[in-house]
Structure formats: structure tokens, C-alpha cells
Amino acid sequence: MGKGAGPNEARRTMTARAALTAPLIALALCTGVATARTAPPKPGTEGAAVRPGVGDSLFRITLLGTGNPRPAPDRFGPSSLVEAGPYRVLVDAGRGATIRLLQAGGRDLLGGIDFVLLTHLHSDHTVGLPDLWLTGWIAGRDRPLAVYGPPGTESMVRHLQRAYEFDVENRRDVVEKLPPAGAELLATEVEIDKEGAAARVVFDRDGLKILAFAVDHGPETPAYGYRFEYAGRAAVFSGDCRPTPGLVVQAHGADVLVHEVVSPALLRRHSLVSDEEAVERIIARHTSPEEAGRIFALTRPRLAVYSHIVPSMATAADLVPPTRKEYKGRLAVGHDLMTITIGKTIVLGRRGTAAR
Ligand SMILES: [Zn+2]
Ligand SMILES: [Zn+2]
């Protein structure tokens with residue numbers, strides 16, 4: 001951590017970046033991409049309490065954790081649940097994802113996650129994975145948990161399996177005698193060119209299509225965003241990134257864009273990291289509210305949502321005014337257990353209170 005850009009150098013980099021970003025985004029849009037606005041929705045059963053079947057039009061995001069590495073009781077680590085018809089998918093598994101799942105939907109939801117998409121391998125996005133894997137198994141999952149992510153995912157999963165070998169054997173063979181298939185953790189690495197806007201399809205079944213695309217979280221960190229398409233609607237997650245032309249392409253015209261945000265001024269005052277140069281390196285790998293506003297203005301989602309809010313104590317009063325410099329559309333500052341139900345209208349709500 002000793003050598004990297006100092007504050008002045010980091011600021012120069014950011015200025016250069018700002019100068020480059022606008023034309024890059026314009027270019028991406030021109031060459032682009034054709035992701036047209038989505039088709040009208042089908043009639044649905046939004047908010048259904050029981051697990052819907054194939055063809056059901058439920059398309060709902062639940063923000064499980066809207067925070068970052070700093071432990072905060074009201075903003076757990078980054079994790080979002082996407083329910084699309086019969087599928088329950090997590091984007092990232094940060095600290096406390098299992099607690100929020102239990103709050104949101106009880107044991108059934110905790111044991112009912114189909115697979116996990118990792119945006120990247122930073123610990124704030126992955127520390128909840130072993131908890132979800134093993135506690136979800138205890139809660140009733142009787143099939144393997146699949147994990148998709150960038151290069152390095154297979155190695156991380158292999159080491160988690162080694163780390164928890166005793167627990168798995170004990171619960172599978174001795175005490176609870178849990179179903180062996182539920183203890184399996186299956187990794188699939190998704191390879192995407194770092195440059196360019198190309199997206200890779202990671203899942204395409206029963207009307208749910210999920211694409212991964214590369215985002216810029218610094219040159220040394222493979223990082224992805226994800227685009228969900230279901231029931232004629234689209235929801236996009238930025239993952240961690242600084243302004244990325246490829247994201248603008250993939251999110252253009254989406255119904256919902258869930259985007260990360262970092263308030264530089266607040267982070268300089270409240271970072272867990274004490275080294276000032278390190279704080280500037282962090283800021284340079286994320287998106288400020290002003291930059292996010294520019295991205296929202298270009299992509300024009302029906303709803304823009306902030307999650308992965310850095311620092312955790314940033315409020316709507318800190319984040320919304322700078323975003324509004326360029327973006328006038330609908331905007332929500334996410335909170336843990338916020339629901340976003342996507343249909344003809346986009347309905348915000350709050351889900352779950354008590355663990356069961
Ligand atoms: Zn992060
Ligand atoms: Zn990160």
C-alpha cells in the first residue's frame with residue numbers, strides 16, 4: 001500500500017478521468033447499443049408470499065445490505081436479492097446477508113437461494129458467502145449452491161471448502177445428517193474482456209436472462225456488473241466501479257439501475273482507513289454522486305437507486321443534491337430491506353421485520 005498515487009496525483013488522475021469519461025460514454029452510446037427500452041409488462045402477482053412458478057411475473061429486488069467494509073448496524077455489507085419468477089438470486093454476499101434473508105423471508109428464503117453472482121472478490125462482497133452456504137444448508141437447502149464470479153472465484157470457493165471441511169463432515173455425517181448435496185459449493189468463473197462493452201450471458205432459463213459485463217474498479221481488480229432481464233423488464237447492478245462506459249451501454253433504458261456511490265468529502269472524514277493516500281486510491285475506484293448523476297442522465301432508468309453507500313453515514317441530504325446537478329429522474333437512496341418491485345409501476349417498499 002506504500003507506493004500508489006498520492007493525493008495530488010490521485011486528483012490529477014480523477015481530473016483526467018473526468019475529461020475522458022464524457023466522450024467515452026458518448027462514444028459508447030453512439031456505437032452502442034441498442035438496448036432498447038423494454039416491452040410492456042405482463043399482468044402479475046407482485047408481492048406473492050409463496051414461491052412463484054415459472055412464468056410468474058414477480059420481479060423484485062430486495063436490498064439486503066447497502067453498506068461497505070465499515071461495520072454498521074443499519075447498513076450491512078453489500079448484497080441484493082433478486083426474485084424473478086421462481087428464481088432467487090443474490091448479487092454479492094456481504095456481511096450479514098443471512099440475517100437479512102431471515103428477516104425478509106424466514107427459513108424458507110434463507111435455505112432457498114438458487115445461486116450467487118459475485119461482482120468481484122473484495123471482502124466486503126464475499127465475507128457472507130460461507131455463512132450463506134452453510135447456514136442456508138442448515139436452513140434446508142438440499143441442492144448445491146452455485147457461485148458465479150470473476151477469475152479467482154474458483155480458488156476462493158476451493159479454499160472455503162477446505163476451511164469448513166470439519167463443519168461440513170460433522171453436519172453431513174454425524175450430527176444433523178444434512179443432505180450431502182446441500183453442502184456442495186459450485187464455482188463458475190465468468191471471463192470477460194476487461195475493455196469493451198461486450199457482455200456474457202451467465203444464465204438463461206425460464207425467461208430469466210442474466211448478463212455479466214466488465215466495469216472499471218481499477219486496473220488490478222476484475223469486476224463485473226450484472227443485467228437481469230425478466231418479464232419484459234430489466235434491472236442492472238453496477239457492482240463497485242468508477243464511471244464505466246460499458247455500464248452506460250448495459251444500463252441504457254433499464255427499468256432499474258442500482259448503482260454504488262462514494263461521497264469523497266465524507267469518506268475523507270470518516271474512513272476506517274487512516275492513510276490519506278489510501279483513501280484517495282479508494283475514492284479513485286468508485287463513483288461520486290455527481291458522476292453517478294451523469295450516468296443516470298445518460299442511461300435514463302425509470303428508477304435509479306443508490307446502494308453500497310460509502311461512507312455508511314452518508315444521507316440523502318449528502319447524496320441527492322449533487323446527483324441532481326445532472327439527473328432529474330426518479331432516485332432512491334437505498335436502505336437495508338428496501339424492496340423494489342418492478343412492473344408497470346415501480347413500487348418501493350420495506351420487507352420483513354422479525355426473524356423466524
Ligand atoms: Zn465494495
Ligand atoms: Zn470493491
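A residue is called buried if 20 or more other C-beta atoms lie within 10 Å of its own, exposed if 12 or fewer do, and partly exposed in between, with C-beta atoms placed from the backbone. You're looking at a predicted model, where local features need pLDDT of at least 70 and side-chain atom pairs count only at pLDDT 80 or more, while totals for chains, interfaces and linings use all residues. Residues are numbered from 1 along each chain as its sequence is written, and chains are lettered from A and ligands numbered from 1 in the order in which they are written.

**Exercise 1: a covered helix**

Find out which residues of α10 are buried, and look at what follows the helix.

Step 1. Helices (H or I, at least four residues) and strands (E, at least two) are DSSP runs, numbered from the N terminus. The protein has eleven helices and 15 strands.

Step 2. Check the residues of α10: nine of its eleven are buried, so the helix is mostly covered. They are Pro-289, Glu-291, Ala-292, Gly-293, Arg-294, Ile-295, Phe-296, Leu-298 and Thr-299.

Step 3. Move on to Arg-300, which follows α10 and has a positive phi, near 50°.

**Exercise 2: two helix pairs**

Work out how α10 sits against α11, and how α2 sits against α4.

Step 1. Axes are lines fitted to C-alpha atoms, for helices over the stretch in contact, and angles run from 0 to 180 degrees between N-to-C directions. Angles under 35 degrees count as roughly parallel, over 145 as roughly antiparallel, 65 to 115 as roughly perpendicular and the rest as oblique.

Step 2. The axes of α10 (residues 289-299) and α11 (residues 316-323) come within 7 Å and cross at roughly 50°. That's why α10 is oblique to α11.

Step 3. Now see who meets whom, counting two residues as in contact if their C-beta atoms, placed from the backbone, lie within 7 Å. Pro-289, Glu-290, Ala-292 and Gly-293 in α10 meet Leu-319, Pro-322 and Thr-323 in α11.

Step 4. For the other pair, the axes of α2 (residues 97-110) and α4 (residues 129-138) come within 12 Å, crossing at roughly 25°. So α2 is roughly parallel to α4. Here Ala-97, Thr-98 and Leu-110 in α2 meet Asp-131, Leu-132, Thr-135 and Gly-136 in α4.

**Exercise 3: a loop arginine**

Decide whether Arg-75 is buried or exposed, and list its contacts.

Step 1. Place Arg-75 in the loop between β1 (59-65) and β2 (79-84).

Step 2. Count its surroundings: Arg-75 has 27 other C-beta atoms within 10 Å, so this residue is buried.

Step 3. Skip neighbours within four places in sequence, and Arg-75 is in contact with Gly-65, Thr-66, Gly-67, Ile-309, Ser-312 and Asp-336.

**Exercise 4: loop backbones**

Pick out what the backbone does at Ala-231, Leu-337 and Pro-311.

Step 1. Ala-231 lies in the loop between β9 (224-230) and β10 (233-237). Its phi is near 50°, a positive value in a residue other than glycine. Ala-231 is buried because 21 other C-beta atoms lie within 10 Å.

Step 2. Leu-337 sits in the loop between β13 (331-333) and β14 (338-342). Its phi is positive too, near 75°. With 20 C-beta neighbours inside 10 Å, Leu-337 counts as buried.

Step 3. Pro-311 is in the loop between β12 (303-310) and α11. A cis peptide bond joins Val-310 to Pro-311, with omega about -10°.
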